[in-house]
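Thanks for coming. I will take a few minutes to go through one structure, and you can follow along on the screen.

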Amino acid sequence: MRMPSNKFQKGEMVMGRWPGSSLYYEVKVLSYDTDTQLYTVIYKDGTELELKDADMKRATGFRRSRSRSRSPSRRRSRSRSPARITRRSTSQTKEAPKEPRIKDVLEVRVSPLAKPLENNSNNKHDKEVNDTSSRVSEKAEVVLEKNRVGTRYNLRPRKEDPMDQLIEDLQKIVDEPLVEPEKQTVGKTTELEFGGKLGAAFMILFLPAVTFALLLMCQQKDPSLVYFPPVLPELDTLWDAQVFGIVVLWFLFQALLYMLPVGKIVEGLPLATGKRLKYRINGFYAVILSAAALGVAYYQDVDLSYIHDHLIQFAVSSMIFSSVLSVYLYVRSCWAREGELAPGGNSGNVIYDFYIGHELNPRIKSFDLKYFCELRPGLIGWIVINFSMLLAEMKFQKLDTPSPAMMLVNGFQLLYVADALWHEEAILTTMDIVHDGFGFMLAFGDLVWVPFTYSLQAFYLVKHPNALSWPWVAVIVAIKLMGYSVFRKANSEKNAFRRNPSDPKLSHARTIPTATGKSLLVSGLWGLVRHPNYLGDIIMALAWSLPCGFTHILPYFYVIYFICLLIHRETRDEKQCRKKYGSAWDEYCRQVRYRIIPGVY
Ligand code: NDP
């Protein structure tokens with residue numbers, strides 16, 4: 001590469017303007033591109049950028065500040081964005097970088113060829129990243145910095161900012177990790193969960209067995225544990241081709257609703273390849289259309305209590321369906337590219353990877369199988385099963401209206417499912433989508449475990465009625481509402497914070513910065529316990545079981561199981577957060593001592 005003779009030479013130390021600011025730092029010239037007329041320079045912290053001639057000056061004539069150095073590396077030690085102004089810099093107005101004008105942003109073409117991914121990075125000289133996205137990202141960060149500063153000090157409502165749309169678009173780009181091509185793969189999973197290979201093999205047999213046992217126990221006249229194990233039905237009674245057909249049709253019907261071109265398209269978190277997948281958010285429409293279809297069937301005199309009468313066959317058909325799906329998922333994962341594998345399900349052991357899920361986001365064209373199964377056929381199916389139980393109860397107990405207990409269970413769980421689909425987008429940041437692959441664990445969980453074990457209270461009430469006094473109804477409703485408000489508030493606070501950490505509504509929030517650039521919320525419910533959303537969920541689970549009375553433990557299975565699930569999930573999440581956030585997570589744990597239940601756990 002030829003350098004212009006009258007300008008800066010390769011290896012020369014000059015002053016380079018930091019993008020979007022009026023500050024100059026010492027940089028070393030690495031090369032000059034005659035086509036783009038840009039210099040590639042390296043800052044002292046190893047950041048490489050492309051600068052225009054106009055943004056570079058000879059070192060002579062620059063005075064060194066008497067205050068402490070504000071080299072980009074110094075600032076970067078506190079923040080991810082090289083252009084970010086340190087939050088304590090209001091008193092340093094003399095030297096604080098000016099807010100970039102939009103013109104500057106669009107004119108200063110900078111390219112962090114090797115921008116460190118974390119702020120403690122050293123020289124990344126020889127690491128090349130995607131050139132184009134880096135350039136845009138850098139511009140985006142400059143713009144975003146303006147926004148961060150603006151919202152922090154002016155507290156203007158974001159709506160009034162004409163740059164909002166641009167900022168929003170650029171936010172997406174800036175969130176893209178700058179991935180080194182050689183690292184666009186998922187490493188081998190070395191830390192095995194769920195008891196490793198043996199644990200995974202055990203779970204593959206244990207989960208269907210438990211589902212069976214619960215359903216068989218529940219349909220007994222006396223579901224007391226004294227009568228465990230339940231009498232096994234004849235093998236040939238377990239299979240019903242018509243039922244299997246209904247299960248397949250239901251899956252296809254939900255797939256059709258999923259493909260409807262309504263609802264917005266959003267992007268998921270960046271994958272190992274740096275790519276973001278697009279997801280359509282139309283789950284709530286699916287609930288409404290499914291309810292409408294159910295209503296039509298009901299008024300056409302379709303006997304929906306058929307589901308109750310054939311529940312075991314439905315469960316068996318769903319188990320077969322989810323097992324076939326899991327085998328398909330594993331087989332296709334053998335052809336998946338390295339970067340498409342799940343960080344948690346890439347151990348190399350067939351059973352373990354089959355259970356956890358080998359491929360992270362298996363898709364048939366744009367149809368995302370995991371995302372679809374997580375919230376559609378099983379979750380909405382659960383509500384259909386509940387409704388069938390309500391009709392079966394009226395039939396079996398010769399009631400004109402469903403019992404208050406059945407109405408509570410149906411109403412509470414309908415609210416839960418509707419809420420999940422209303423906030424469908426939130427699932428994109430969960431462990432299930434981001435970390436776990438799609439294998440037997442989620443396929444069985446989504447398509448069998450959720451619809452058939454979560455509907456256990458309604459199934460129980462069909463043959464084991466429980467009269468409720470009105471004051472007790474009021475108490476149960478109050479418990480449900482309390483749980484729901486904790487659950488909703490916690491999830492909404494975190495989602496809002498993750499979407500836009502500088503949201504003026506959260507300006508009062510106390511946070512702990514982390515090395516990744518993301519912060520952790522320490523105020524409100526997130527300052528009370530480390531998983532307030534789990535707490536709310538557990539309280540709600542209790543409210544779902546209370547309408548069944550205290551005669552048997554069976555309807556309390558959900559609460560007991562759910563507490564175990566969430567404790568285990570919390571441990572898994574904790575491990576991942578410690579890996580991600582290191583000492584910042586330890587600090588969070590020090591400040592917020594309890595995990596789920598204040599003062600207890
Ligand atoms: P969370 O929604 O709590 O997500 C955990 C993640 O949140 C962490 O990995 C971290 O990710 C982020 N985070 C943790 N602490 C903080 C903090 N202080 N400030 C900001 N971000 C933080 O967990 P789940 O995905 O497990 O659960 C989501 C919801 O689904 C919950 O309400 C849960 O109860 C419910 N659920 C229901 C189930 C059911 O069967 N009914 C099963 C499982 C879950 P990062 O920093 O990367 O953003």
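I will start with how far the model can be trusted, then go to the ligand, and end with two backbone details.

This is a predicted model. The chain averages a pLDDT of 79, and 76% of the residues score at least 70. Where in the chain is confidence lowest, and where is it highest? The low end is helix α2, residues 102–107, with a mean of 34. The high end is helix α6, residues 241–259, at 97.

Two stretches need care. Over residues 64–160 the pLDDT stays under 50, and the model has 192 contacts there beyond four places in sequence. Residues 173–183 are also below 50, with 34 contacts in the model beyond near neighbours in sequence.

Now the ligand. Where does it sit in terms of domains? Domain 3, 241–467, and domain 4, 468–601, both give residues to the shell around it, so the ligand lies between them.

There are 25 residues around the ligand, and those that come nearest are Tyr-534, Asp-537, Arg-569, Asp-573 and Tyr-581. By class, the shell has 14 nonpolar, four polar and seven charged residues.

Next, some polar atoms. Tyr-416 has a polar side-chain atom 2.9 Å from a nitrogen atom of the ligand. For Asn-491, a polar side-chain atom is 3.0 Å from an oxygen atom of the ligand. Lys-518 likewise places a polar side-chain atom 2.9 Å from an oxygen atom of the ligand. How much of the ligand does the protein cover? On its own the ligand has 920 Å² of accessible area, and the protein covers 87% of that.

Which elements give two or more residues to this shell? They are α17 (470–499), β11 (519–521), α19 (532–545), α20 (557–581) and α21 (583–591). The largest share, eight residues, comes from α20.

Last, the backbone. Most residues other than glycine have a negative phi, and most peptide bonds are trans. Here are two exceptions.

The peptide bond from Phe-228 to Pro-229 is cis, with omega near 0 degrees. Pro-229 is in the loop between α5 (196–218) and α6. That is the same α6 I named for the highest confidence.

The other is Lys-365, which is not a glycine but has a positive phi, near 55 degrees. Lys-365 is in the loop between β8 (363–364) and β9 (367–368).

That is what I have.

Terms used: Residues numbered from 1 in each chain as written. Predicted model: local features only at pLDDT ≥ 70, side-chain atom pairs only at ≥ 80, totals over all residues. Heavy atoms only, no water. Near = heavy atom within 4 Å. Polar contact = N/O pair within 3.5 Å; in protein donor to acceptor, adjacent residues only side chain to side chain. Areas by Shrake-Rupley, 256 points an atom, 1.4 Å probe, with all protein chains shown as cover. Helix = DSSP H or I, 4+ residues; strand = E, 2+ residues; numbered from the N terminus. Nonpolar A, V, L, I, M, F, W, Y, C, P; charged D, E, K, R; others polar. Domains from an automatic or database assignment. pLDDT = per-residue confidence, 0-100. Contact = heavy atoms within 4.5 Å.
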